[in-house]
Amino acid sequence: MSEFVGTFLGVSYGLSALTWSLGILVQTMPVPRKEIRVWGPCLMMDSVVSLFALGSVNLVQILMRWVSEMVSQSIGSPFNNPSIAMATVLSQLTMLDTALLLLISAVSVTVVLAPVASALSSMFSHALTWVTTAIVLWLIAQWIITLLPEVWVAAYTLGIVFFAIPFRIGRKLGTLLMASSIVLAIGFPLMPFMAIWLEGNFAYENSLRPLQDLLSQVRRNPLAIVELIATLPSILGNLLVAVIISLVIFPFAYIFVLSVLTKSLSNVLGGATSGPSLSSFTIAPARELSSLSGGG
Amino acid sequence: MPIQQLIQQIAWATTMVSLISTGVFALSYGIGYLLRGAPIPFREWKEYGQGLVTDAIKSAFMAMLYSSVIALISWIITIIASAA
């Protein structure tokens, strides 16, 4: 992969030099057309920006490390490594999937409970589909997280190659590649941490804290065990909701947020600009010639 | 097309464009002085000639500055990286 990175850096360096030369050529051409001459300073500026992007690969790595450390510290996750967090997520989802399947199959075995089994299977079939989809999504995410450290630099430098093509031909694709590689490299490894953090918060607030309160009440007053038994189903339900929200719904929402961030960053890097505006640059001869033609 | 060949072609195109630019500087500079010195009673044409001369000098200066621009950018990036 480092071979590709070196090649892409070489190509983008050459394209930046070509863009600079073209900018000088266009600026110095004795052509009395403002819309052509305005490309001169624009091309030179694009060349400088792509040279900055070329040099910023190390800076992006530093930024990535800083953001990851900052988020990990603020979350306070007990996991140091995304693969351990991912293994926890996958084991929980697999257990949920297996529990749902076992419940339906166990009820289906008894002939007396066959109507209940059919009702349960119709109730849980959607849940099963979503949990299985979430498992597939998390497995894809795990594969991407494993590949990302090698791939993102290549994608970023390929983005710079497209960005450095003269006359802004590949600018949109280039900025999209650069933005997506940065956002994915920073955001994707944080996904399992965030899911577990969210799950911990939801589960603690809705299930574990009421359970702790009830247990302390039972220690003081043994008759409160009736209340504990009565609230146990709702506590279990809340626990299940926490797992489903943080491990099944959250990844889809997180990927959506990452795609919105990628689009915004791509626009910030210059993907939204199409060409130079005539009002932003003033070139003396063109202005004079336009007044000349206007004056007759 | 092999990548090395592509890089060589880009380098060749850059050299050609730079050479053409050098010719165009001279042409613009000449046309500019021609217009400036021509015995024509239109002030706008003379101003346009002066603009061409200015642009030719500016572009020649920018062409020489490319290596300095690269050095400046790498210096700025080194400072930012060492500060981070």
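Helix H3 of chain A gives the most to the lining of the largest cavity, with three residues. The model in which this cavity appears is a predicted one, and the structure holds one cavity of 30 Å³ or more. The space inside the largest cavity comes to about 30 Å³. Around the largest cavity stand Thr19(A), Asp46(A), Ser47(A), Ser50(A), Phe163(A), Ala164(A), Ile165(A), Arg168(A) and Arg171(A). Sorted by class, the lining of the largest cavity is made up of three nonpolar, three polar and three charged residues.

Two of these lining residues deserve a separate look. Ser47(A) belongs to helix H3, which covers residues 39-55 of chain A. Ser47(A) counts as buried because its relative accessible area is 0%. Beyond its neighbours within four places in sequence, Ser47(A) is in contact with Ser16(A), Thr19(A) and Trp20(A) of chain A, and with Tyr66(B) of chain B.

Arg168(A), also part of the lining of the largest cavity, is found in the loop between H6 and H7 of chain A. Although Arg168(A) is a residue other than glycine, its phi is positive, near 55°. A relative accessible area of 17% is under the 20% limit, so Arg168(A) is classed as buried. Phe167(A) lies in the loop between helix H6 (114-163) and H7 of chain A. Phe167(A) likewise is not a glycine and has a positive phi, of about 60°. Its relative accessibility is 35%, and Phe167(A) therefore counts as partly exposed.

The wider setting of these residues is chain A. Its secondary structure comes to 10 helices and zero strands. Of the 296 residues in chain A, 42% count as buried. Among contacts in chain A with a separation of 6 or more, 79% are between residues 24 or more positions apart. The accessible surface of chain A amounts to about 15,200 Å², and carbon and sulfur atoms hold 72% of that surface.

At the start of chain A, helix H1 spans residues 2-28, and Val5(A) lies in it. Val5(A) counts as buried because its relative accessibility is 14%. When residues up to four places away in sequence are not counted, Val5(A) touches Val153(A), Ala154(A) and Thr157(A). Val60(A) stands 55 residues from Val5(A) along the chain, and the C-alpha atoms of the two are separated by 15 Å.

The description now turns from the cavity to the largest pocket. About 240 Å³ of space lies in this pocket. Three helices of chain A each supply at least two residues of its lining: H4 (57-75), H7 (171-187) and H9 (225-271). The largest share, five residues, comes from H9(A). The lining of the largest pocket consists of Leu63(A), Val67(A), Ile182(A), Val183(A), Ile186(A), Gly187(A), Leu190(A), Tyr254(A), Val257(A), Leu258(A), Leu261(A) and Leu265(A). By class, 11 of the lining residues are nonpolar, one is polar and none is charged. The polar residue is Gly187(A), because glycine is grouped with the polar residues in this scheme.

In chain B, helix H2 runs over residues 43-83 and has a kink of about 50°, centred on Leu65(B). The buried residues of H2(B) are Tyr48(B), Gly49(B), Gly51(B), Leu52(B), Val53(B), Asp55(B), Ala56(B), Ser59(B), Tyr66(B), Val69(B), Ile73(B) and Ile77(B). An α-helix has 3.6 residues a turn, so residues three or four places apart point the same way. Tyr66(B), one of the buried residues of H2(B), is also in contact with Ser47(A).

Ala56(B) is a further example from helix H2 of chain B. It counts as buried because its relative accessibility is 3%. Leaving aside its neighbours within four places in sequence, Ala56(B) is in contact with Phe25(B), Ser28(B) and Tyr29(B) of chain B, and with Thr28(A) of chain A. Thr22(B) is 34 residues from Ala56(B) in sequence, while the C-alpha atoms of the two are 9.4 Å apart in space.

How values were computed:
Residues are numbered from 1 along each chain as its sequence is written. Chains are lettered from A and ligands numbered from 1 in the order in which they are written. This is a predicted model: local features need pLDDT of at least 70, side-chain atom pairs count only at pLDDT 80 or more; totals for chains, interfaces and linings use all residues. Side-chain values use heavy atoms; hydrogens and water are left out. On a 1 Å grid over the protein atoms alone, a cavity is a set of points where a 1.4 Å probe fits but cannot get out, and a pocket is an open set with protein on both sides within 12 Å along at least five of seven lines; lining residues have an atom within 4 Å of a point. Grid points are joined across faces, edges and corners, and a volume is the space filled by probe spheres set on the points. Helices (H or I, at least four residues) and strands (E, at least two) are DSSP runs, numbered from the N terminus. The bend at a residue is the angle between axes fitted to the seven residues ending there and the seven starting there. Buried means under 20% relative accessible area, exposed over 50%, partly exposed in between (1.4 Å probe, protein chains only). Contact means heavy atoms within 4.5 Å. Accessible areas come from the Shrake-Rupley method with a 1.4 Å probe; for residues, only the protein chains shown count as cover.
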